[in-house]
Amino acid sequence: PEPARAMYQSIKKTAPIKNTTRRTRTTKKSKMANNSLREQSITRKQRRLIHLCHASRCTVIEGDYCPASPHCAEMKALSRHIVKCRDSKCSYPKCLTSRHIIGHYRKCKSQTCPICIPVKRTIKEWHEHLVMIW
């Protein structure tokens, strides 16, 4: 057993180093792709929160054109649905994902959250702008 272990150690030490350049390049590409997908996901969640926030406060009558957001009517309907919905397997479009991100947003205390911090800043700016108008 001892000579076998010594032989294994010597083979292990002298084993040729494989060329990993191609694998590394692929890994870098996949990391870049993952980062891009993560950024897209964050942006989608931010937009959803902003659209829902706007829709919950918008005074434009449903069916009329909202100059602030082309998604206003859809988000108003979604907001009304979310308020009533408790179905964990709801099939209403965007219900589950919206409830999930709203839940995160309400509970989030992180000072570095890439989703919530920009949204909170935007909402604060809206409020400051409205105060200046009134």
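This report describes a salt bridge, a helix packing and a nonpolar core in a predicted model.

**Salt bridge**

Side chains of opposite charge can pair when their charged atoms come close. A search of the whole structure finds one salt bridge. Its partners are Glu 74 and Lys 94, whose closest N and O atoms are 2.8 Å apart. The two residues are 20 residues apart and link distant parts of the chain. The table lists each partner with its place and relative accessibility.

| Residue | Location | Relative accessibility | Class |
|---|---|---|---|
| Glu 74 | helix H3 (residues 72–84) | 39% | partly exposed |
| Lys 94 | loop between H3 and helix H4 (95–107) | 35% | partly exposed |

**Packing of H3 and H4**

The axes of H3 and H4 lie 10 Å apart and meet at an angle of about 75°, so H3 is roughly perpendicular to H4. On the H3 side, the contact is made by Leu 78, His 81 and Ile 82; on the H4 side, by Cys 95, Ser 98, Arg 99 and Ile 102. Of these contact residues, four are nonpolar, two are polar and one is charged.

**Nonpolar core**

In soluble globular proteins, nonpolar side chains tend to be buried together. The largest nonpolar core here has 21 residues. Those touching the most other members are Leu 49, Leu 78, Tyr 105, Ile 115, Cys 116, Val 119 and Ile 123. Helix H2 (21–57), H3, H4 and helix H5 (116–133) each supply at least two residues of this core. H2 gives the largest share, six residues.

Leu 49 also appears in a list of contacts: leaving out residues up to four places away in sequence, Leu 49 touches Ile 101, Ile 102, Tyr 105, Ile 115 and Val 119.

Terms used. Residues are numbered from 1 along each chain as its sequence is written. This is a predicted model: local features need pLDDT of at least 70, side-chain atom pairs count only at pLDDT 80 or more; totals for chains, interfaces and linings use all residues. Side-chain values use heavy atoms; hydrogens and water are left out. A salt bridge is a side-chain nitrogen of Lys or Arg within 4 Å of a carboxyl oxygen of Asp or Glu. Helices (H or I, at least four residues) and strands (E, at least two) are DSSP runs, numbered from the N terminus. Buried means under 20% relative accessible area, exposed over 50%, partly exposed in between (1.4 Å probe, protein chains only). Axes are lines fitted to C-alpha atoms, for helices over the stretch in contact, and angles run from 0 to 180 degrees between N-to-C directions. Angles under 35 degrees count as roughly parallel, over 145 as roughly antiparallel, 65 to 115 as roughly perpendicular and the rest as oblique. Contact means heavy atoms within 4.5 Å. Ala, Val, Leu, Ile, Met, Phe, Trp, Tyr, Cys and Pro count as nonpolar, Asp, Glu, Lys and Arg as charged, and the others, Gly among them, as polar. A nonpolar core is a set of buried Ala, Val, Leu, Ile, Met, Phe, Trp, Tyr and Cys residues joined through side-chain atoms within 4.5 Å.
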